[in-house]
Amino acid sequence: MPNCKTVIPYAGTKDQEDRLRKVIEEHKGQPGATMPVLQAAQEIFGYLPEEVQIMVAEGLDVPLSEVYGVASFYAQFALNPKGRYQISVCLGTACYVKGAADVLEAVQTKLGIGPGGITPDGRFSLDACRCIGACGLAPVMMINEDVYGRLTPGQVGPILDQYMKE
């Protein structure tokens, strides 16, 4: 089984950091500032790496544990970068019963990453989710907005090959 994550080093720019500092200044001292600052940070950086969480904690003068707690609790926040092609494999009950774990394993094997991971070239990221809402098509995988249903592990490679050509 591939390792769970491929670590992509922090690559924030000075411009991004300056934009975040401005947002922090606008919210500093306000009750409940952590949430709107993290939302802005996610818009600026695309996800919330540890370095960004530290900037938010220090800028708002709140514990890093509070910032991490908010960032890790709400599904709207991503702690890992997302690829150009964001793959979600549904592991909800209907999908799981119909073989979603094997579909997920096929994706992991093909890309060499696990859930929460991103390929070294930044092209693909992989997540397992609870429900896509297409239970009648179980097992289901989404790549960005494209839905693939009634999947077998053997279909995964050819589907991913199409995206690799783009």
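Buried, as the word is used on this tour, means under 20% relative accessible area. The model to have open is a predicted one, and the stops below begin at a residue that the cut-off describes.

**Tyr47 and its surroundings**

Select Tyr47 in the loop between helix 2 (34–45) and helix 3; with a relative accessible area of 12%, this tyrosine falls under the cut-off and is therefore buried. If you display what surrounds Tyr47, leaving aside neighbours within four places in sequence, you will find contacts with Tyr10, Ala41, Gln42, Ala78, Leu79, Asn80 and Pro81. Add Lys82 to the selection as well, since its C-alpha atom is separated from that of Tyr47 by 7.6 Å, although the two positions lie 35 residues apart along the chain.

**From Lys82 to strand 2**

Keep Lys82 selected and bring up Asp127, whose side chain meets that of Lys82 in a salt bridge with an N to O distance of 2.6 Å. Asp127 belongs to strand 2 and Lys82 to the loop between helix 4 (64–73) and strand 1 (85–90), so this pair ties together parts that are 45 residues apart in sequence. Both partners are partly exposed, Asp127 at 23% relative accessibility and Lys82 at 34%.

**Helix 3 against helix 4**

Next, show helix 3 (residues 50–60) together with helix 4, and look at how their axes come within 8 Å and cross at roughly 125 degrees. That angle makes the two helices oblique to each other, and their crossing is right-handed. On the helix 3 side, the residues to select are Gln53, Ile54, Val56 and Ala57, which meet Leu64, Val67, Tyr68 and Ala71 of helix 4.

Within this pairing, stop at Gln53, which lies in helix 3 and is buried, with a relative accessible area of 6%. Apart from neighbours within four places in sequence, the contacts of Gln53 are Leu48, Leu64, Val67, Tyr68, Ala71 and Leu79.

Then move into the loop between helix 3 and helix 4 and select Asp61. Most residues other than glycine have a negative phi. Asp61 departs from that pattern with a phi near 60 degrees, and at 68% relative accessibility it counts as exposed.

**A charged cluster on helix 1**

Now turn to helix 1 and select Lys14, Glu17, Asp18 and Arg21, which are linked in a network of salt bridges. Side chains of opposite charge can pair when their charged atoms come close. In the pair formed by Asp18 and Arg21, the closest N and O atoms are 3.5 Å apart. These two residues stand three places apart in helix 1 (residues 14–27), so that about one helical turn separates them. Asp18 is partly exposed at 34% relative accessibility, as is Arg21 with a relative accessible area of 43%. The structure as a whole holds five salt bridges.

**Helix 6 and helix 7**

Another of these bridges can be seen by selecting Lys110 and Asp161, whose side chains meet at 2.6 Å, N to O. The pair links distant parts of the chain, with Lys110 in helix 6 and Asp161 in helix 7 (residues 153–165), 51 residues apart. Lys110 is partly exposed at 34%, and Asp161 is likewise partly exposed at 29%.

While helix 7 is displayed, select Val156, Gly157, Ile159, Leu160 and Tyr163, which are buried. The buried residues of this helix pack against strand 1, helix 6, strand 2, strand 3 (141–143) and strand 4 (146–148).

**Three loop stops to finish**

Between helix 6 (100–111) and strand 2 (124–129) runs the loop that holds Thr119, a residue that counts as buried at 5% relative accessibility. Its side chain makes a polar contact of 2.6 Å with the side chain of Asp121, and the side chain of Thr119 also reaches the backbone nitrogen of Arg123 at 3.3 Å.

In the loop between strand 2 and strand 3, select Pro139. Most peptide bonds are trans. The bond joining Ala138 and Pro139, however, is cis, with omega about -10 degrees.

End at Arg150, in the loop between strand 4 and helix 7, where a residue that is not a glycine has a positive phi of about 50 degrees. Arg150 is exposed, with a relative accessible area of 56%.

Methods:
Residues numbered from 1 in each chain as written. Predicted model: local features only at pLDDT ≥ 70, side-chain atom pairs only at ≥ 80, totals over all residues. Heavy atoms only, no water. Helix = DSSP H or I, 4+ residues; strand = E, 2+ residues; numbered from the N terminus. Buried < 20%, exposed > 50% of the residue type's maximum accessible area, 1.4 Å probe, protein only. Polar contact = N/O pair within 3.5 Å; in protein donor to acceptor, adjacent residues only side chain to side chain. Salt bridge = Lys/Arg side-chain N within 4 Å of Asp/Glu carboxyl O. Axes fitted to C-alpha atoms, helices over the stretch in contact; angles between N-to-C directions. Parallel < 35°, antiparallel > 145°, perpendicular 65-115°, else oblique. Left-handed = near helix turned anticlockwise from the far one by under 90°. Contact = heavy atoms within 4.5 Å.
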